[in-house]
Amino acid sequence: MTQQVIIVGAPRSGTNMLRDVLTSAPGVSTWACDEINFVWKHKNLDIDHDEIPADRAGRVAEYLRTQFEARARRDNSDIVVEKTCATSLRVPFVAAALPEAKFIFIRRDGLDATASTMKRWNAEFDLRYTLKKVRYVPPTDFPRHLRDFVAKRLTQRLAGDARSEDNDLKVSTWWGPRPHDFKELQRHHPLEELAFIQWQRCVTQSADALGALDPARVLEVRYEDYVADPREGTRRCLEFMGAQERLDRTEVGQVMTSSVGKGRSQLGPEAVRRLEALGGSTLTRFGYA
């Protein structure tokens, strides 16, 4: 059976970086796009957020297992790594649907992640990026996703949000993992706070849910430690995956430390103080305050 490895993390927390390093190892593959939230949401489109409950796993478990096995066959791999940031809001669902899967939880300073997320929230439309993801939309779900996509782009254009990173912007659309109350959050918080609250929800819900699983299924990685010594961090991950002998054929040279502290600097001291007041307890819990 194919080893399923799920990378869990808030947006802009090193999930892409870690996936790219791990899938550079021989026999380790992934999908040819950034995320496959379309796949995870199949048969659960009646839920407009990403907190899919565990009792919904049965209706889609066979479909998800089939997707992982098909990916392994196409790539001639024995380990398939998947990274979709919204998974951080539905770990119990994923764990129930894929009971043999292992989870790597990567976490980063929430203030660094917030500054990076703000840049992505209203980024300009990227056709090539979108087409890569569209390839994996289940055919029966395509009309619904197309409708939602067109509505989002029109709303964003009419509101003039495109490319805006203003701290106090009241955004017209949502980007990234959606908590169950995302619409209410959007009404009451500016972009700066939304990005931080999103990080909070992702890391706290991930940590709580992963803590309830068999410890043998979970590995935690601190972003700042990983980039400081990527070879050691990769060794830990590969050992967890049962593939430690592939370390010397894994590309770790692309990992850099330049983003550590960058977000805090970009936000500036006033914004940092505001966000620490909003969620200092979460920063403290994860060692960032």
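Where in helix 13 is the kink centred? In this predicted model, the answer is Gly-279, where helix 13 bends by about 85°. Before a closer look at that helix, the overall fold deserves a short introduction.

The secondary structure of the protein consists of 13 helices and five strands. Along the principal axes, its C-alpha atoms occupy a box of roughly 50 × 45 × 35 Å. The radius of gyration is 19 Å, which agrees with the value near 19 Å expected for a compact globule of 289 residues. Of these 289 residues, 55% count as buried. Contacts reach well along the chain: among those between residues at least 6 apart in sequence, 77% join residues at least 24 apart.

Strand 3, residues 79-83, is a helpful place to begin with the strands. Five of its five residues are buried. In a regular strand, side chains alternate between the two faces of the sheet. Here both faces are covered, with Ile-79, Val-81 and Lys-83 buried on one side and Val-80 and Glu-82 buried on the other. Strand 3 also has parallel partners. Strand 1 (residues 3-8) runs parallel to strand 3 and is joined to it by five bridges, and Gln-3 has Ile-79 as its bridge partner. Strand 2 (residues 28-29) is likewise parallel to strand 3, through two bridges. Ile-79 appears again in this pairing, as the bridge partner of Val-28.

Attention now turns to the interior. In soluble globular proteins, nonpolar side chains tend to be buried together. The largest nonpolar core of this model holds 59 residues, and the members that touch the most others are Ile-6, Trp-40, Leu-64, Leu-98, Phe-103 and Leu-267. Helix 9 (residues 191-211) supplies the largest share of this core, with 11 residues. A second, separate core contains 25 residues, including Ile-104, Val-221, Leu-247 and Val-252. Returning to Leu-267, its contacts beyond four places in sequence are with Leu-111, Ala-115, Met-118, Val-272 and Leu-275.

Two of those partners, Val-272 and Leu-275, are among the buried residues of helix 13, together with Ala-271, Gly-279, Thr-282 and Leu-283. These buried residues pack against helix 5 (110-121), helix 9 and helix 12 (262-267). One point of contact with helix 9 involves Gln-200, a residue of that helix. Gln-200 touches Leu-278, Gly-279 and Thr-282, leaving aside residues up to four places away in sequence. Is Gln-200 buried or exposed? Its relative accessibility is 15%, so Gln-200 counts as buried, the cut-off being under 20%. Gly-279, one of the residues touched by Gln-200, is also the centre of the kink described at the outset. The end-to-end span of helix 13 can be set beside that bend: its end C-alpha atoms are only 21 Å apart, whereas a straight helix of 17 residues would span 24 Å. After helix 13 comes Gly-287, which has a positive phi near 80°.

A last site lies in helix 6 (residues 127-134), which includes Val-134. With a relative accessibility of 30%, Val-134 counts as partly exposed. Beyond four places in sequence, Val-134 touches Phe-38 and Phe-142. The C-alpha atoms of Val-134 and Ile-36 are separated by 9.1 Å, although these two residues are 98 residues apart along the chain.

Key. Residues numbered from 1 in each chain as written. Predicted model: local features only at pLDDT ≥ 70, side-chain atom pairs only at ≥ 80, totals over all residues. Heavy atoms only, no water. Core = buried A, V, L, I, M, F, W, Y, C linked by side-chain atoms within 4.5 Å. Buried < 20%, exposed > 50% of the residue type's maximum accessible area, 1.4 Å probe, protein only. Helix = DSSP H or I, 4+ residues; strand = E, 2+ residues; numbered from the N terminus. Contact = heavy atoms within 4.5 Å. Expected span 1.5 Å × (residues − 1). Bend = angle between axes of the 7 residues up to and from the residue. Pairing = 2+ DSSP bridges. Rg over C-alpha atoms; globule rule 2.2 N^0.38 Å.
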